[in-house]
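Visitor: I would like to learn how to read a model like this one, feature by feature. Could you walk me through it?

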Amino acid sequence: MHADYRRKGIGRQLIESQAEWARNHSYEFLRFETLNRHRPMAHLALMAGYDVVGTRWDSMRSDLLIQFEKALIDELA
């Protein structure tokens, strides 16, 4: 993302909208991966309540991917 658009809440709005859509469609978890070098995305995930659940090596990019997960059921309780 271009630096002019960072820290304006756009990512937060997108991640919250995704979780709302998933909850409304009976999803129990959200999972995604981001490259280790994309630190702003990792920070956004942590601030949005995602947990780091693993890593994997992406041989095509020669880089580490961080795996994030968030339980949606716990949010309803």
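Visitor: In what order do the elements of the protein chain run from the N terminus on?

Guide: Read the elements along the chain before looking at how they pack. In this predicted model, the order is α-β-α-β-β-α, which comes to three helices and three strands. The C-alpha trace spans about 40 × 30 × 20 Å along its principal axes.

Visitor: Before I go further, which element has the lowest mean pLDDT, and which the highest?

Guide: Good habit to ask that early. Where pLDDT is low, the predicted coordinates should not be read in detail. Here helix 3, residues 73-76, has the lowest mean among the elements, at 65, while strand 3 has the highest, at 97. For the protein chain as a whole the mean pLDDT is 90, and 94% of the residues reach 70 or more.

Visitor: Now to the packing. What share of the residues counts as buried?

Guide: Burial is judged by relative accessible area, with under 20% as the cut-off. By that standard, 27% of the 77 residues are buried. The chain exposes about 5,900 Å², and carbon and sulfur atoms supply 52% of that area.

Visitor: And which residues touch the most other members of the largest nonpolar core?

Guide: A core is best read through its well-connected members. This one has 13 residues, and those touching the most other members are Ile15, Leu30, Phe32, Ala45, Tyr50, Phe68 and Leu72. Two or more residues come from each of helix 1 (10-24), strand 1, helix 2 (39-47) and strand 3 (63-71).

Visitor: Let me take one of those members. What does tyrosine 50 touch?

Guide: A contact list shows which parts of the chain meet at a residue. Leaving out residues up to four places away in sequence, Tyr50 touches Ile15, Gln18, Leu30, Phe32, Ala45, Phe68, Glu69 and Lys70. Of these partners, Ile15, Leu30, Phe32, Ala45 and Phe68 also appear among the best-connected core residues.

Visitor: How much of the contact pattern joins residues at least 24 apart?

Guide: Sequence separation is the thing to look at here. Taking contacts between residues at least 6 apart in sequence, 54% join residues at least 24 apart.

Visitor: Is threonine 34 buried or exposed?

Guide: Start from its place in the chain: Thr34 is found in strand 1, residues 29-35. Thr34 counts as buried because its relative accessible area is 6%, below the 20% cut-off. Beyond its neighbours up to four places away in sequence, Thr34 touches Met41, Ala42, Leu64, Leu65, Ile66 and Phe68.

Visitor: Where does asparagine 36 lie?

Guide: Asn36 is in the loop between strand 1 and helix 2. With a relative accessible area of 23%, Asn36 is partly exposed. Its contacts, not counting residues up to four places away in sequence, are Asp63, Leu64 and Ile66. A C-alpha distance adds to the picture: Asn36 and Gln67 are 31 residues apart along the chain, and their C-alpha atoms are separated by 9.7 Å.

Visitor: What about histidine 38, which is found in the loop between strand 1 and helix 2?

Guide: You can read that residue in the same steps. His38 counts as partly exposed, at 37% relative accessibility. His38 and Leu65 are 27 residues apart in sequence and 9.5 Å apart from C-alpha to C-alpha.

Visitor: On to the backbone. What is the phi of serine 26?

Guide: Check the sign of phi, and then whether the residue is a glycine. Ser26 has a positive phi of about 65 degrees although it is not a glycine. This serine is found in the loop between helix 1 and strand 1, and Ser26 counts as exposed because its relative accessibility is 63%. Ser62 also has a positive phi, of about 55 degrees, without being a glycine. The loop between strand 2 (51-58) and strand 3 holds Ser62, which counts as exposed at 51%.

Visitor: Last, how many positive and negative side chains are there?

Guide: Count both sets, then compare where their centres fall. The protein chain has 11 positive and 11 negative side chains, and the centres of the two sets lie 7 Å apart.

Methods:
Residues are numbered from 1 along each chain as its sequence is written. This is a predicted model: local features need pLDDT of at least 70, side-chain atom pairs count only at pLDDT 80 or more; totals for chains, interfaces and linings use all residues. Side-chain values use heavy atoms; hydrogens and water are left out. Helices (H or I, at least four residues) and strands (E, at least two) are DSSP runs, numbered from the N terminus. Buried means under 20% relative accessible area, exposed over 50%, partly exposed in between (1.4 Å probe, protein chains only). Contact means heavy atoms within 4.5 Å. Accessible areas come from the Shrake-Rupley method with a 1.4 Å probe; for residues, only the protein chains shown count as cover. Lys and Arg count as positive and Asp and Glu as negative; His and the chain ends are not counted. The place of a charge is taken as NZ of Lys, CZ of Arg, CG of Asp or CD of Glu. A nonpolar core is a set of buried Ala, Val, Leu, Ile, Met, Phe, Trp, Tyr and Cys residues joined through side-chain atoms within 4.5 Å. pLDDT is the predictor's confidence in each residue, from 0 to 100.
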